[in-house]
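Subject: A structure for you to explore

Hello,

Here is the structure I promised to pass on to you. Please open it and keep it beside this email while you read, so that you can find each part for yourself.

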Amino acid sequence: MSAHSCVGRCRFKIPESVLVVIHTPALEVLLIRRADVRQGEFWQSVTGSKDDPGEALTQTAVREVGEETGIDARAPGCLLRDWGIRNRYEIYPRWRHRYAPGVTHNLEHVFGLCLPARAPVRLNPREHDAFEWLPWRAAADRCFSPTNAEACLLLPRFAGAPA
């Protein structure tokens, strides 16, 4: 969980984050299931907030991919690309306590990470408790977040593959 300092000893998340769609050349998408949600199945791609307001978005993406999946986004054969998509959305009420008082919206930057093939996944059990590799359309159907589902549906365009 990424956070930044505030007055006193509290720490709040920065309301600027990345969404990283990890995929193979065959358009198989890695989804991970949130461990902190007991109602329903909250499947998603890698997400995470900046650690510091000055942290570069690419650095945030590389860090979050490593923390959440154990995958090194800088490994040979991997291609991390900023898709240039920005989503501003209302933070779900169940997670607003993680942000400074009065913060209700987040700015999300969408990235794609193409791996040469499926990679071993090492989850952080405090954040995620399962993973699956799915075809891109099935991944879109599985995502609980509308922006994540949309990113999966856009994958063929950004990966240069026919839909």
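The chain has 3 helices and 9 strands. Please keep in mind that this is a predicted model. If you trace the chain along its sequence, the elements come in the order β-β-β-β-β-β-α-β-β-β-α-α.

**The overall shape**

The C-alpha atoms fit a box of roughly 50 × 35 × 25 Å along the principal axes. For 163 residues, a compact globule would have a radius of gyration near 15 Å, and the chain agrees with this because its own value is 15 Å. Among the contacts in the chain with a separation of 6 or more, 69% join residues that are 24 or more positions apart. Of the 163 residues, 48% count as buried. The accessible surface comes to about 8400 Å², and carbon and sulfur atoms hold 53% of that.

**The largest pocket**

Next, have a look at the largest pocket, with a volume of about 690 Å³. Its lining is made of 30 residues, and those nearest the centre are K13, R34, Q44, T47 and R98. Which elements give two or more residues to this lining? They are the strands β6 (46-49), β7 (79-90) and β8 (105-114), together with the helices α1 (57-69) and α3 (146-159). Sorted by class, the lining holds 11 charged, 11 polar and 8 nonpolar residues.

**Four residues to find**

Start with H23, which belongs to strand β3. Is H23 buried or exposed? Its relative accessibility is 5%, and buried means under 20%, so H23 counts as buried. Setting aside neighbours within four places in sequence, H23 touches E28, V29, L113, C114, L115, W133, L155 and A159.

A little further along is L27, in the loop between β3 (16-23) and β4 (28-34). Most residues other than glycine have a negative phi. L27 is not a glycine, yet its phi is positive, at about 65 degrees. With a relative accessible area of 4%, L27 is buried.

Then go to A35, in the loop between β4 and β5 (43-44). This residue also sits in a loop, and its relative accessibility of 11% makes A35 count as buried. Which residues is A35 in contact with, leaving aside neighbours within four places in sequence? They are P125, R126, E127, H128 and D129. For a sense of distance, try A35 and Q59: they are 24 residues apart in sequence, and their C-alpha atoms are 24 Å apart in space.

The last stop is P53, in the loop between β6 and α1. P53 has a relative accessibility of 57%, and the cut-off for exposed is over 50%, so P53 counts as exposed. You can pair P53 with P101 too: 48 residues separate them in sequence, and the distance in space is 17 Å, C-alpha to C-alpha.

**What to take away**

If you would like a short route through the model, begin with the pattern of helices and strands, move on to the pocket with its 30 lining residues, and finish by setting the buried H23 beside the exposed P53.

Enjoy looking around, and write back with anything you would like to talk over.

Best wishes

Methods: Residues are numbered from 1 along each chain as its sequence is written. This is a predicted model: local features need pLDDT of at least 70, side-chain atom pairs count only at pLDDT 80 or more; totals for chains, interfaces and linings use all residues. Side-chain values use heavy atoms; hydrogens and water are left out. On a 1 Å grid over the protein atoms alone, a cavity is a set of points where a 1.4 Å probe fits but cannot get out, and a pocket is an open set with protein on both sides within 12 Å along at least five of seven lines; lining residues have an atom within 4 Å of a point. Grid points are joined across faces, edges and corners, and a volume is the space filled by probe spheres set on the points. Helices (H or I, at least four residues) and strands (E, at least two) are DSSP runs, numbered from the N terminus. Ala, Val, Leu, Ile, Met, Phe, Trp, Tyr, Cys and Pro count as nonpolar, Asp, Glu, Lys and Arg as charged, and the others, Gly among them, as polar. The radius of gyration is taken over C-alpha atoms; the globule rule is 2.2 Å times the number of residues to the power 0.38. Buried means under 20% relative accessible area, exposed over 50%, partly exposed in between (1.4 Å probe, protein chains only). Contact means heavy atoms within 4.5 Å. Accessible areas come from the Shrake-Rupley method with a 1.4 Å probe; for residues, only the protein chains shown count as cover.
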